[in-house]
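Here's a pair of chains to explore together. Have a look at the picture, turn it around a bit, and then read on.

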Amino acid sequence: MRNMLIIAKREFKGYFATPLALVFIVIFLALTGAFAFYVGGFFTRGNADLVSFFGYHPWLFLLLVPAIGMRLWAEERKSGTIELLMTLPVSTLDAVLGKFLAAWAFCGLALALTFPMWITVNMLGSPDNGVILASYIGSFVMAGAFLSISSCISSLTKNQVIAFIISATVCFLFTMSGAQLVLNFFQGWAPGYLVDALRSMSFLTHFDAVTRGVIDIKDVVFFGSLMVMWLFLNVIAVELNKGR
Amino acid sequence: MAEMIALSHLTKRFGPLTAVDGIDLSVNKGEVLGFLGPNGAGKSTTMKMVTGFLSPTEGSATVDGIDVTRDPVGVKQRIGYLPEGAPCYGDMAPRGFLNFIADIRNLSGIARNASIDQVIERVEIADVMDQPIETLSKGFKRRVGLAQAILHNPPVLILDEPTDGLDPNQKHQVRTLIQQMASDKAVIISTHILEEVEAVCTRAVIIARGKLLADGMPEDLLKRSPLHNAVEIKVSPAAADEIAKDLASLTSVGQVERSTSIDAQTLFSVTSKTGAPIAPEVAAMLKEKGHAVSDLKTEKGALDAVFREITRGGSAAAKTETANA
């Protein structure tokens, strides 16, 4: 626990040692704003809510979260520092969780910096702030789920670009698994329970439920168990690949 | 003396490749063990297994009585390790990096600051404490890596090519540092610089193709050199033939090789038949016969030659070497 936090602290500071943090936050804020105002029609909708803002988060995270996660392990392996890290008196779990927490906290920071959206909507009308809070929590948890996928895949390669592309693809499949586009592909031949299982894996379905203001225990369990599973795979992948 | 590191039939296979093949070895407190071997011999892989980075395919490694596969974190607490190439987090400055290591090593309070200050002084990095590590020269990077390894004053120090890529002054510094710390630690350093072994190691082992081929004090290894205790004499060409005859008549002399030096003098390289010192006898003979000699020196033998002979000797030679060791 202690070691995990030390690693998380080092990692988190690391984001700010390079322009990465600045670039990421600026682009994230610009894109969330642009999508909410221009594509989502924040003003023309005439409703005092942030649906047009949160609705695009799955799509933004799809690209931006793997960009955060790709370096987590691939960079350590490429530069050889993994040998330093893994010969310090820390367990692999500490290292995996520490790095994950740092990246997740960073996503949280980027998300928190969208607060002007919340101020704007409160000045223009009187939105249901409970729904907005639930949506923020949902968005943060979803980012964590995307990040656990990216972190795990990052530990499978030394190449950050490969880590990014594969992570983004896997995240895309998870996001879209409820859409007809993906389901049609399976419906012809797969048994019904498999199609249902696939549909239930969809980030969109679970995230939509949360943004309507209902934090259902099954959505929480969904994202939570997904993170646990991917981080568990991450620990195994680090153990198996560290020496290569 | 306390045994700090014990390797028992340590083996590592990567698929069909056997990188380390059944190494048995023990290192005591106060010893500086030089790990010698050509590139790809299995030196680094062995070190990675001792430090818990790789797990052995067979056999075991114990540090201070703790088995590395049973309690890897316990072993890692007792080891200071400098990986090959001294990898460090490039975007951090040495100060932040050493603070991170101190946190992870669970140093706190006065002891923590004292250790950091001491280590900065020992490896002389005070001037670069706030520059990102990636902007530092190779010598400084290596020293930061070394600082990281010795920060918690570990009882076991494992250094993979600590002086690789350093200039002669920096090499000398690092060697002095190792010697200073050696008395109360068990140290393993890997290197393919043979002079380093003679300079800092109390014991040397030679590894090739994953096997331990020789184990002994650097002086013992030198004795295996055909040139050990050989004598080189420089004489004028006029008297050369007669001297050659006289040299051959000595019973302790092995082979006599004749060559011409740059200044047109004749050089005799006289090896010892048994490896025992022959210089007094040769000198006495020359004096008795009244030969004029412009130079006479004894050879220690080069570790390079021994190294080449052992590591290239093929499997038959390797077997006899291990039997002797």
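What follows is a walk through the two chains, their contacts and a few strands worth a look.

Keep in mind that this is a predicted model. The overall scores are ipTM 0.86 and pTM 0.84. For chain B the average pLDDT is 84, and 95% of its residues score at least 70. Which elements of chain B have the lowest and the highest mean pLDDT? Helix α12 (residues 314-324) of chain B sits at the bottom with 43, while strand β6 (residues 79-82) of chain B is at the top with 94. Over residues 314-325 of chain B, pLDDT stays under 50, and the model has 11 contacts beyond four places in sequence for that stretch. Where pLDDT is low, the predicted coordinates should not be read in detail.

Let's start with chain A. It has 14 helices and zero strands, so its pattern along the sequence is just α repeated. The C-alpha trace of chain A spans about 55 × 50 × 30 Å along its principal axes. Is that compact or spread out? A compact globule of 244 residues would have a radius of gyration near 18 Å, and chain A, at 19 Å, agrees with that. Of the 244 residues in chain A, 42% count as buried. Among contacts between residues at least 6 apart in the sequence of chain A, 79% join residues at least 24 apart.For a single residue to find in chain A, try A:Thr169, which is in helix α10 (residues 160-176) of chain A. Is A:Thr169 buried or partly exposed? A:Thr169 is partly exposed, because it has 13 other C-beta atoms within 10 Å, and a residue needs 20 or more to count as buried. A:Ser151 is 18 residues away from A:Thr169 in sequence, and their C-alpha atoms are 14 Å apart.

Now for chain B. Its two parts are domain 1 (3-223) and domain 2 (231-298), and the C-alpha centres of these domains of chain B lie 45 Å apart.

How do the chains touch? On the chain B side, 20 residues are in contact with 19 residues of chain A. Helices α2 (72-78) and α3 (94-104) of chain B are the elements that give two or more residues to this side. Its residues divide into 11 nonpolar, five polar and four charged.

Chain B also has an open sheet of four strands, in the order β2-β1-β4-β5, with antiparallel pairing. β2 (17-28) and β5 (66-67) of chain B are at the edges with a single partner strand each, so one side of each has no neighbour in the sheet. Within the β1-β2 pair of chain B, B:Phe14 has B:Leu17 as its bridge partner in β2(B).

Another strand to look for is β7 (residues 156-160) of chain B, where five of the five residues are buried. B:Val156, B:Ile158 and B:Asp160 lie on one side of β7(B), B:Leu157 and B:Leu159 on the other, and all are buried. In a regular strand the side chains alternate between the two faces of the sheet. As for partners, B:Gly80 stands opposite B:Leu157 in β7(B), and B:Val156 stands opposite B:Ala186 in β8(B).

Here are some strand pairs of chain B.

| Strand pair | Bridges | Direction |
|---|---|---|
| β1(B) and β2(B) | eight | antiparallel |
| β6(B) and β7(B) | four | parallel |
| β7(B) and β8(B) | five | parallel |

Methods:
Residues are numbered from 1 along each chain as its sequence is written. Chains are lettered from A and ligands numbered from 1 in the order in which they are written. This is a predicted model: local features need pLDDT of at least 70, side-chain atom pairs count only at pLDDT 80 or more; totals for chains, interfaces and linings use all residues. Two residues are in contact if their C-beta atoms, placed from the backbone, lie within 7 Å. Ala, Val, Leu, Ile, Met, Phe, Trp, Tyr, Cys and Pro count as nonpolar, Asp, Glu, Lys and Arg as charged, and the others, Gly among them, as polar. Domain bounds come from an automatic or database domain assignment. The radius of gyration is taken over C-alpha atoms; the globule rule is 2.2 Å times the number of residues to the power 0.38. A residue is buried if 20 or more other C-beta atoms lie within 10 Å of its own, exposed if 12 or fewer, and partly exposed in between; C-beta atoms are placed from the backbone. pLDDT is the predictor's confidence in each residue, from 0 to 100. Two strands pair if DSSP finds at least two bridges between them.
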